[in-house]
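Subject: The structure I promised you

Hi,

Here is the structure we talked about, for you to open and turn around on screen. Have a look first, then read on for what turned up in it.

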Amino acid sequence: MIKYLHGFTSEEQQRLVDQAGFLAPLIYPTVNFAGCRKLLEIGSGVGAQTSVLLRLFPDLHITSVDFSETQLLKAKDNLREFADRVTFVLQDVEQLSLAERFDSAFICWALEHIPNPLLALQQVKKHLIPGASIHITEVFNATFYCRPLSPAMEFYYQKYNEQQVHFGGNPDVGAQLGNLLFQAGFKEIELIHNGFHLDQSNPDELKRFIEFWKILMKSGAPGLLEAGSVSQSDIDLMENDLDRILADENAVFFYQFVQAKAKA
Ligand SMILES: C[S@@+](CC[C@H](N)C(=O)[O-])C[C@H]1O[C@@H](n2cnc3c(N)ncnc32)[C@H](O)[C@@H]1O
């Protein structure tokens, strides 16, 4: 059975679509596949990012790789209108084997779940033509900071990150993107820091991101409950802490993810 922090329920599949829409204004300003024709997407999930890419870059054909059949079936359904521009591949990226070579690659929120992200990038590089562009967006969970102090949120966050490590992932893989790309043989590596730093100077944005964060945190809840790492009361207290931040005059809500661009 696949061990995966967020699980594959229909609620989780919808969360990925909502998340892609919510974060698109932060993620896509640095993404440029103009002039590219054949893109390899790794950990494509239910096609939430695929859909954004297909709309932004009308010349792209995307090969979407995921190791979950459940995700790929949902992706096929979500991307019906683009059926002639997407090929779906059920494979583990660590054993990637495709007959084609690509002029571009995209990975978003997937390396964090992969036990050997260096091997994943080496496999991707083997499938790229020299000079192909890669764009990666990944978590750097240690950057999370909030005020007032929120012990229940911090307890839950610790368990959430520990669960990801337990499943073979790395909740701080964003910090390693430069090293990983370098070790995999990529060139012209560029790192970009992105995310949010919110406070009461913009209460609407603060509220929007705290609501987003609650849903993200709760996406790990079924697995954490099943593992006995948290109780329902821990989940409720975590949500209360997030509500308290929203109401605090000195509220701070800060998180940075990392984007990397490079050439094969
Ligand atoms: C958090 S989801 C992100 C999906 C999509 N990139 C997005 O942003 O909406 C991570 C996806 O990576 C897939 N995945 C995890 N490990 C994988 C592996 N070793 N090979 C292929 N896919 C993998 C999971 O099945 C899941 O669909």
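Let's begin with the empty space: the largest pocket holds about 740 Å³. Of the 45 residues lining this pocket, Tyr4, Trp109, Ala110, Glu112 and His113 are the closest to its centre. Several elements give two or more residues each to the lining, namely helix H1 (10-27), helix H2 (48-56), strand S2 (61-66), H5, helix H7 (203-219) and strand S8 (252-263). If you sort the lining of the largest pocket by residue type, you get 28 nonpolar, 11 polar and six charged. Do keep in mind that this is a predicted model.

There's a second largest pocket too, with a volume of about 510 Å³. Its lining has 22 residues, and the closest to the centre are Tyr4, His6, Gly7, Pro222 and Gly223. Here the elements giving two or more residues are H1, H5, H7 and helix H8 (221-227). Which of them gives the largest share of the lining? That's H8, with four residues. By type, the lining of the second largest pocket splits into nine nonpolar, seven polar and six charged.

You'll have spotted Tyr4 twice: it is among the residues closest to the centre of the largest pocket, and also among those closest to the centre of the second largest one.

Now for the backbone. Trp109, which we met at the largest pocket, has a positive phi of about 55°, although it isn't a glycine. You'll find Trp109 in the loop between strand S4 (102-108) and helix H4 (117-126). Is Trp109 buried or exposed? Buried means under 20% relative accessibility, and Trp109 has 14%, so it counts as buried.

Glu188 is another non-glycine with a positive phi, this one about 50°. Look for Glu188 in strand S7, which covers residues 187-199. The cut-off for exposed is over 50%; Glu188 comes out at 63% relative accessibility, so it counts as exposed.

One last thing to zoom in on is a peptide bond. The bond from Arg147 to Pro148 is cis, and its omega is near 10°. Pro148 sits in the loop between strand S6 (145-147) and helix H5 (151-166). You've already seen H5 in this email, as it gives two or more residues to the lining of the largest pocket and two or more to that of the second largest.

Happy exploring!

Terms used: Residues are numbered from 1 along each chain as its sequence is written. This is a predicted model: local features need pLDDT of at least 70, side-chain atom pairs count only at pLDDT 80 or more; totals for chains, interfaces and linings use all residues. Side-chain values use heavy atoms; hydrogens and water are left out. Buried means under 20% relative accessible area, exposed over 50%, partly exposed in between (1.4 Å probe, protein chains only). On a 1 Å grid over the protein atoms alone, a cavity is a set of points where a 1.4 Å probe fits but cannot get out, and a pocket is an open set with protein on both sides within 12 Å along at least five of seven lines; lining residues have an atom within 4 Å of a point. Grid points are joined across faces, edges and corners, and a volume is the space filled by probe spheres set on the points. Ala, Val, Leu, Ile, Met, Phe, Trp, Tyr, Cys and Pro count as nonpolar, Asp, Glu, Lys and Arg as charged, and the others, Gly among them, as polar.
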